[in-house]
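Please work through the exercises below with the sequence and the model open beside you. Each task is followed by a solution that goes step by step.

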Amino acid sequence: MPVNDSIPTTDQSDSEALPINELFYSLQGEGQLAGTPSVFVRTSGCNLRCWFCDSYHTSWEPVHAQWSLETIVSEIQSHPADHVVLTGGEPLIHTETVPLMERLTELGYHITVETNGTIYQEAPIDLLSISPKLSSSTPVAARDPAGNGEWADRHETQRIDIDTLATLLDAYEFQLKFVVTDADDLPEIERIVDRVRRATQTTVTDTDVLLMPEGTTRESIDERRNEVAQLAMDNGYRYTPRLHVDLWNDAPGT
Ligand SMILES: C[S@@+](CC[C@H](N)C(=O)[O-])C[C@H]1O[C@@H](n2cnc3c(N)ncnc32)[C@H](O)[C@@H]1O
Ligand SMILES: Nc1nc2[nH]cc(C(=O)O)c2c(=O)[nH]1
Ligand code: SF4
Ligand SMILES: [Mg+2]
């Protein structure tokens with residue numbers, strides 16, 4: 001999934017440039033702000049390797065061009081939205097996202113950051129959409145999309161960092177958005193939420209916890225939607241759709 005070739009790439013000495021995989025205008029498909037017109041800025045590179053990653057070309061096989069802060073901002077301004085979603089890959093591995101968020105805040109944008117919750121950056125973030133990764137995301141050999149389980153140990157070691165999660169919750173408005181593959185994920189979600197509650201100063205209500213069905217196509221979401229909705233009801237958690245998948249299936253740039 002290459003980036004838009006018509007955008008000039010910057011020279012490598014630009015200290016605020018970012019590796020951009022794609023930038024597009026859509027409706028926020030997930031979480032509390034689902035349905036909100038938003039510009040998505042997708043950085044490339046990730047410290048984890050979920051077997052199901054729906055952004056394969058930012059994690060398993062990164063593809064990107066270096067875009068200057070000015071280019072990113074002017075591309076954002078070309079769309080009729082006042083919400084920006086910074087995602088990836090893992091956007092917070094890049095310190096250059098901080099000046100970008102500062103500039104966007106000066107311009108009056110609402111900023112959501114989609115993150116796996118393993119990295120803290122101090123930045124003007126309006127909603128931190130944290131998606132802590134469960135053991136069912138680990139790329140064991142049988143589920144490895146690119147190799148033979150070489151990433152499994154590293155992913156397993158890094159995917160949950162309770163202290164960082166607590167720091168993030170204390171710093172930002174947040175949602176905790178878990179990708180659910182089946183009912184076996186629920187005990188682990190409860191354990192993580194319980195550990196985070198004990199580590200943070202911030203109140204985490206059950207409706208701050210969102211369950212989202214795993215799946216990148218209408219067919220796969222159809223298979224899980226009702227089971228995940230029922231699990232949300234049974235536990236008092238919130239359900240979130242994947243509205244973009246319902247609307248546009250797996251079309252690029254949506
Ligand atoms: C590609 S990730 C990028 C942000 C960050 N690395 C993270 O994982 O939160 C964006 C969102 O898509 C979710 N996601 C990725 N693959 C998915 C899949 N196959 N089914 C459902 N959600 C998925 C992630 O959990 C996260 O909430
Ligand atoms: N429409 C739409 N909504 C989204 N919400 C979070 C996304 C992401 O990939 O982070 C995403 C995405 O890729 N598309
Ligand atoms: S943490 Fe996010 S970007 Fe990284 S592999 Fe998992 S879903 Fe993909
Ligand atoms: Mg996505």
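**Exercise 1: The cysteines and ligand 3**

Leaving aside its neighbours within four places in sequence, Cys53 is in contact with Ser59 and Trp60, where contact means that the two C-beta atoms, placed from the backbone, lie within 7 Å. This is a predicted model, in which local features need pLDDT of at least 70 and side-chain atom pairs count only at pLDDT 80 or more, while totals for chains, interfaces and linings use all residues. Residues are numbered from 1 along each chain as its sequence is written, and chains are lettered from A and ligands numbered from 1 in the order in which they are written.

Task: Determine whether Cys50 and Cys53 are buried or exposed or in between, and where they stand with respect to ligand 3.

Solution. Step 1: place both residues, for which strands (E, at least two residues) and helices (H or I, at least four) are taken as DSSP runs numbered from the N terminus. Cys50 is found in the loop between β2 and β3 (65-67), and Cys53 lies in that loop between β2 and β3 as well.

Step 2: count neighbours, given that a residue is buried if 20 or more other C-beta atoms lie within 10 Å of its own, exposed if 12 or fewer, and partly exposed in between, with C-beta atoms placed from the backbone. Cys50 is buried because 25 other C-beta atoms lie within 10 Å, whereas Cys53, with 19 C-beta neighbours inside 10 Å, counts as partly exposed.

Step 3: look at the contacts of Cys50, which touches Lys133 and Ser137 when residues up to four places away in sequence are not counted.

Step 4: turn to ligand 3, around which there are 13 residues, with Cys46, Cys50, Cys53, Ser59 and Asn116 coming nearest; a residue belongs here if its C-beta atom, placed from the backbone, lies within 6 Å of the molecule. This shell divides into 4 nonpolar, 6 polar and 3 charged residues, where Ala, Val, Leu, Ile, Met, Phe, Trp, Tyr, Cys and Pro count as nonpolar, Asp, Glu, Lys and Arg as charged, and the others, Gly among them, as polar.

Step 5: compare with the record, in which the UniProt annotation "binding site" (unreviewed entry) covers Cys46, Cys50 and Cys53; UniProt positions are given in the numbering used here, feature names are shortened, and annotations may be inferred rather than shown by experiment.

**Exercise 2: The surroundings of ligand 2**

Task: Work out which residues surround ligand 2, and which strands each supply at least two residues of its shell.

Solution. Step 1: the residues around ligand 2 are Ser26, Leu27, Gln28, Gly29, Glu30, Phe40, Ser55, Val85, Thr87, Glu114, His244 and Thr254. By class, they comprise 3 nonpolar, 7 polar and 2 charged residues.

Step 2: the strands that each supply at least two residues of this shell are β1 (18-27) and β4 (83-87).

Step 3: the loop between β1 and β2 (37-43) holds Gln28, and Gly29 has its place in the loop between β1 and β2 too. Gln28 counts as buried because it has 22 C-beta neighbours inside 10 Å, and Gly29 is buried with 23 other C-beta atoms within 10 Å. Apart from residues up to four places away in sequence, Gln28 touches several residues, including His83 and Val85, while Gly29 touches Ala34, Arg242, Leu243, His244 and Val245.

Step 4: Ser55, in the loop between β2 and β3, is buried, with 21 other C-beta atoms within 10 Å. Beyond its neighbours within four places in sequence, Ser55 is in contact with Arg42, Gly88 and Gly89.

Step 5: UniProt, in an unreviewed entry, places the feature "binding site" at Leu27, Gln28, Gly29, Arg42 and Thr87, and this annotation also covers Ser55.

**Exercise 3: Strand β5 and its partners**

Task: Establish how many residues of strand β5 are buried, and how many bridges join it to β4 and to β6.

Solution. Step 1: strand β5 (residues 110-115) is mostly covered, since 5 of its 6 residues are buried.

Step 2: β4 and β5 run parallel and are joined by 4 bridges, two strands being paired if DSSP finds at least two bridges between them. Here His83 stands opposite His110 in β5.

Step 3: β5 and strand β6 (residues 127-130) also run parallel, joined by 4 bridges, and the bridge partner of Val113 in β6 is Leu128.
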